[in-house]
Amino acid sequence: MTSFPSRSSAALDARLASALAEVPVVASVVGTQPLRQFLTAPAKACIVASLAVGQLPQVVPALCRAGKTVFVNVDSSPGLAQDRGALEFIKNLGAHGVVSTRLSLIEKGRPLGLLTMMKVFVTDRSNLRRSTDAVSRGAPDLVEIMPAPIAARMSEQALRAMSPSVAAGFVETPSDVALALALGSVAAATSDPRLWHLRRNQLPPVPPAALKRPAAPSQE
């Protein structure tokens with residue numbers, strides 16, 4: 001059986017806990033079109049993506065003034081470099097954190113006082129091991145696990161190694177959000193504006209069968 005680095009002691013940052021207290025959904029704001037919908041939604045946390053570097057100085061401060069907790073996806077911002085200078089630029093705009101698949105950027109973000117969210121794509125068991133190793137090294141504040149349905153296929157130990165986590169990808173219904181939370185994620189991320197209004201007291205019950213993980217193989 002594969003063992004994974006332990007992250008059981010990793011606590012959710014107080015700023016994130018506050019942002020997710022009422023609405024356990026992180027809004028994936030892709031481009032400028034959904035901005036107005038997010039500004040009027042009760043969801044407090046967001047990931048802005050696919051914004052050109054020239055758009056960030058207008059968008060990020062506006063979101064911060066509205067009381068939102070803002071992460072910038074460094075990997076998907078055209079014109080934004082993949083280096084410390086880019087992180088300093090984002091910090092100076094007032095953003096609270098950054099999202100990246102790159103371990104080097106995650107490691108550089110914390111000394112700058114930025115919250116960090118490492119995005120990992122879990123496609124198979126060998127990839128899962130590499131992902132948990134990268135998370136252990138980078139020590140991000142959050143891990144964005146993609147796609148969300150894979151969490152039901154992961155062992156409890158693997159999920160702990162990636163905690164605190166946000167489940168993302170194929171999050172389309174309130175039931176998807178409820179399942180992500182029941183499996184141990186602190187939130188679910190989605191670009192669906194309807195779910196940016198989903199409060200905790202509106203979450204549907206999760207059937208026990210949905211939490212039953214498949215039997216682990218003798219070797220991984």
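## A guided tour from Asp133 to the whole chain

Aspartate 133 is partly exposed, since its relative accessible area is 29%. That value falls between the limits of 20%, under which a residue counts as buried, and 50%, over which a residue counts as exposed. The model in the viewer is a predicted one.

**First stop: helix α6.** With aspartate 133 selected, extend the selection to helix α6, in which this residue lies. The helix covers residues 125-138. Next, add alanine 161 and draw the C-alpha to C-alpha distance from aspartate 133: the separation is 8.8 Å in space, for 28 residues in sequence.

**Second stop: asparagine 127.** Remain in helix α6 and select asparagine 127, which has its place there too. Is asparagine 127 buried or exposed? Asparagine 127 counts as buried because its relative accessibility is 14%, and the limit for that class is under 20%. Display the side chain of asparagine 127 together with the backbone of threonine 123: the side chain reaches the backbone nitrogen of threonine 123 at 3.3 Å. Then show Phe121 and Val122, which asparagine 127 touches when residues up to four places away in sequence are not counted.

**Third stop: alanine 95.** Move the selection to the loop between α4 (84-93) and β4 (97-100), where alanine 95 is found. Alanine 95 has a relative accessible area of 5% and is therefore buried. Which residues are in contact with alanine 95, leaving aside its neighbours within four places in sequence? Select Val60, Cys64, Val70, Val72, Ile90 and Leu114 to display them. For a further distance, pick alanine 11: its C-alpha atom is separated from that of alanine 95 by 21 Å, and the two residues are 84 apart along the chain.

**Last stop: the whole chain.** Clear the selection and switch to a cartoon of the protein chain, whose secondary structure comes to eight helices and eight strands. Along the principal axes, the C-alpha atoms fill a box of roughly 55 × 40 × 25 Å. The radius of gyration is 17 Å, which agrees with a compact globule, because a globule of 220 residues would have a value near 17 Å. Of the 220 residues, 49% count as buried. Among contacts with a separation of 6 or more, 60% join residues 24 or more positions apart.

Finally, turn to a surface view. The accessible surface of the protein chain comes to about 10,200 Å², and carbon and sulfur atoms hold 52% of this area. Colouring by charge shows 23 positive and 15 negative side chains, with the centres of the two sets 3 Å apart.

Technical notes
Residues are numbered from 1 along each chain as its sequence is written. This is a predicted model: local features need pLDDT of at least 70, side-chain atom pairs count only at pLDDT 80 or more; totals for chains, interfaces and linings use all residues. Side-chain values use heavy atoms; hydrogens and water are left out. Helices (H or I, at least four residues) and strands (E, at least two) are DSSP runs, numbered from the N terminus. Buried means under 20% relative accessible area, exposed over 50%, partly exposed in between (1.4 Å probe, protein chains only). A polar contact is a pair of N or O atoms within 3.5 Å; within protein, one must be able to donate a hydrogen and the other to accept it, and residues adjacent in sequence count only if both atoms are side-chain atoms. Contact means heavy atoms within 4.5 Å. The radius of gyration is taken over C-alpha atoms; the globule rule is 2.2 Å times the number of residues to the power 0.38. Accessible areas come from the Shrake-Rupley method with a 1.4 Å probe; for residues, only the protein chains shown count as cover. Lys and Arg count as positive and Asp and Glu as negative; His and the chain ends are not counted. The place of a charge is taken as NZ of Lys, CZ of Arg, CG of Asp or CD of Glu.
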